Amino acid sequence: MSEFRETAEKLRNDPEVVYNCCCAAVLPFADKAGIDKETVMKMTKNFGGGMRNADRCGAICGGLMVLGMFDVGDPKTIAEYYRSFRENHDGMLDCRDLLKANAAKGLPKKPHCDGMVYESVELAERLLKERGKI
């Protein structure tokens, strides 16, 4: 398991602090990008819960932020990022749809959201490595 995934798991399982999905996807990369924890906490604050409106999944947003932190934003990479999530989640990218589908399967919310964070972290890490950014 990578250091980024390991950090994300620690964050999501911290009993003292609730790290929203976006924050938990971004924080593992913060040190390498030269961004302090407080700044990440502030910039990701309104991206949990589907941007606080059940819209785009916070974990997916977090992965995009990570790519941007390392100056990766070319259309091909971003398309690949989105394509991966769409393929893995029946085309769904929004929190409300993802959670509704998860609930229809009778599964609990937290493990689903944790999984979205881990998927985001692993995908961002892979894309950054392939592009020589980390």
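In the predicted model, ring pairs join Tyr81, Tyr82 and Phe85 into a cluster. Within this cluster, Tyr81 is buried, its relative accessible area being 0%. The structure as a whole holds three aromatic pairs. One of these is formed by Phe4 and Phe29, whose ring centres lie 4.4 Å apart and whose planes meet at 10 degrees, so that the pair is classed as stacked, the limit for stacking being under 30 degrees. Because Phe4 belongs to helix α1 (residues 3-12) and Phe29 to helix α2 (residues 21-33), this pair ties together parts that are 25 residues apart in sequence. Both partners count as buried, with a relative accessibility of 3% for Phe4 and of 0% for Phe29. For Tyr81 and Tyr82, by contrast, the ring centres are 6.1 Å apart and the planes stand at 70 degrees, so this pair is edge-to-face.

With regard to the cysteines, the structure holds zero disulfides. A disulfide is a covalent bond between the sulfur atoms of two cysteines. The cysteine sulfur closest to that of Cys95 is in Cys113, at 6.0 Å, which is too far for a bond, given that a disulfide is assigned to sulfur atoms within 2.5 Å. Cys113 is likewise in no disulfide, and its own nearest cysteine sulfur is that of Cys21, 4.4 Å away. Cys95 and Cys113 are each buried, the relative accessible area being 15% for Cys95 and 9% for Cys113.

Cys113 falls within the residue range of helix α8 (residues 109-130), which was also examined for its end-to-end length. At 1.5 Å a residue, the 22 residues of helix α8 should span 32 Å, and the C-alpha atoms at its ends are indeed 32 Å apart, so the expected and computed values agree. Just after α8, Gly132 adopts a positive phi of about 70 degrees.

A further buried position is found in helix α3 (residues 37-44), where Thr44 is placed. The relative accessible area of Thr44 is 1%, and this residue therefore counts as buried, the cut-off being under 20%. When its neighbours within four places in sequence are left aside, Thr44 is in contact with Asn20, Cys22, Cys23, Val26 and Met65.

Definitions and conventions:
Residues numbered from 1 in each chain as written. Predicted model: local features only at pLDDT ≥ 70, side-chain atom pairs only at ≥ 80, totals over all residues. Heavy atoms only, no water. Helix = DSSP H or I, 4+ residues; strand = E, 2+ residues; numbered from the N terminus. Expected span 1.5 Å × (residues − 1). Buried < 20%, exposed > 50% of the residue type's maximum accessible area, 1.4 Å probe, protein only. Phe/Tyr/Trp six-rings, centres within 6.5 Å; stacked < 30°, edge-to-face > 60°. Contact = heavy atoms within 4.5 Å.
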